[in-house]
Amino acid sequence: TDGAFTEDLFRRDIGQESLTDLYNRVETGQIKNHNYDKESIFELAGLLHIFLRELPECLLTNYKDFVEVEKTSTSEADSEWIAKTQVAINKLPNRNTLLLGRLLSMLYALSKQSNTTKMGSKDLAQNFCSSLVFSTEPDEAENLNRDAEYFFSTVTKMIENFPSLDLSRRLTTEKEAENKEKKNSGQK
């Protein structure tokens, strides 16, 4: 099933048992060649949230920079907001930028099908905010709660303005970056 044409893709409650079963099959390599054709699209959506929450650190490691952009922006997503957001994106580790680019691309595509999916950019942002930024530290969790409104607004705008954000220039793997650096240093 194509998620772009699935109503309430990230809202549907799925059974914890079936999600745990899918998670275990993925972790133990029982699903060959990343072939998820036979899996429920709703379970795969749940698996995406689990993946994001189980990252060693949250995806937006510098979330405070994104919040600050929102606090200091004078209007809706204009060129100033895009430029400031781009600076915050550029501070992310390459692997985070890669994943953020792929995630925003998917969320942008889903938001463009909101007549079918019943999930616009605000719905998707609300659904993903807690998966993009999390903390186990009490003080940090308090800051996250205080800044939740700003962060929600930022994620909504990042989805809506995905085509204007330059995530592609950093979409290289760390290995490719290392190889390029080795090649350049050998030419000197």
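The exercises below, each with a worked solution, concern a predicted model of a protein.

**Exercise 1. Overall make-up**

State how many helices and strands the protein has, and what share of its residues counts as buried.

Solution.
- Start with the secondary structure: there are ten helices and zero strands.
- Reading along the sequence then gives the pattern α-α-α-α-α-α-α-α-α-α.
- Next take burial: the protein has 188 residues, and 39% of them count as buried.
- Finally, look at the sequence separation of contacts. Among contacts between residues at least 6 apart in sequence, 78% join residues at least 24 apart.

**Exercise 2. The largest nonpolar core**

Find which residues of the largest nonpolar core touch the most other members, and which helix gives the most to this core.

Solution.
- The core holds 43 residues, and those touching the most other members are Leu60, Leu100, Leu132, Phe151, Val155 and Met158.
- At least two core residues come from each of α1, α2 (41-53), α3 (63-72), α4 (79-90), α5, α7 and α9.
- The helix that gives the most is α2, with six residues.
- Take phenylalanine 151 as an example from the core. Leaving out residues up to four places away in sequence, phenylalanine 151 touches Leu60, Tyr63, Val67, Cys129, Leu132 and Val133.

**Exercise 3. Packing of α2 and α5**

Classify the relative direction of α2 and α5, give the handedness of their crossing, and list the residues that make the contact.

Solution.
- The two helices pack at an angle of about 155°, and their axes are 13 Å apart.
- An angle over 145 degrees counts as roughly antiparallel, so α2 and α5 are roughly antiparallel to each other.
- The crossing in which α2 passes α5 is left-handed.
- On the α2 side the contact is made by Leu48, Phe51 and Leu52, and on the α5 side by Leu99, Leu103 and Met106.
- Sorted by type, the contact residues are six nonpolar, no polar and no charged.

**Exercise 4. Packing of α7 and α9**

Carry out the analysis for helix α7 (residues 121-132) and helix α9 (residues 148-160).

Solution.
- The axes come within 8 Å and cross at roughly 120°.
- This angle lies outside the ranges for roughly parallel, antiparallel and perpendicular, and α7 and α9 are therefore oblique to each other.
- The crossing in which α7 passes α9 is right-handed.
- From α7, the residues in contact are Ser121, Lys122, Leu124, Ala125, Gln126, Cys129 and Leu132; from α9, they are Phe151, Phe152, Val155, Thr156, Ile159 and Glu160.
- These residues divide into eight nonpolar, three polar and two charged.

**Exercise 5. Two single residues**

For methionine 106 and arginine 25, decide on the burial class of each and place each in its helix.

Solution.
- Methionine 106 is found in helix α5 (residues 94-111). Its relative accessible area is 31%. The class between 20% and 50% is partly exposed, so methionine 106 is partly exposed.
- Methionine 106 is also one of the α5 residues that meet α2. Its C-alpha atom is separated by 9.0 Å from that of isoleucine 159, and the two residues are 53 residues apart along the chain.
- Arginine 25 lies in helix α1 (residues 16-27). Buried means under 20%, so arginine 25, at 19% relative accessibility, counts as buried.
- Not counting residues up to four places away in sequence, arginine 25 touches Gln30, Ile31 and Glu39.

Notes: Residues are numbered from 1 along each chain as its sequence is written. This is a predicted model: local features need pLDDT of at least 70, side-chain atom pairs count only at pLDDT 80 or more; totals for chains, interfaces and linings use all residues. Side-chain values use heavy atoms; hydrogens and water are left out. Axes are lines fitted to C-alpha atoms, for helices over the stretch in contact, and angles run from 0 to 180 degrees between N-to-C directions. Helices (H or I, at least four residues) and strands (E, at least two) are DSSP runs, numbered from the N terminus. Angles under 35 degrees count as roughly parallel, over 145 as roughly antiparallel, 65 to 115 as roughly perpendicular and the rest as oblique. A crossing is left-handed if the near helix is turned anticlockwise from the far one by less than a right angle, and right-handed if clockwise. Contact means heavy atoms within 4.5 Å. Ala, Val, Leu, Ile, Met, Phe, Trp, Tyr, Cys and Pro count as nonpolar, Asp, Glu, Lys and Arg as charged, and the others, Gly among them, as polar. Buried means under 20% relative accessible area, exposed over 50%, partly exposed in between (1.4 Å probe, protein chains only). A nonpolar core is a set of buried Ala, Val, Leu, Ile, Met, Phe, Trp, Tyr and Cys residues joined through side-chain atoms within 4.5 Å.
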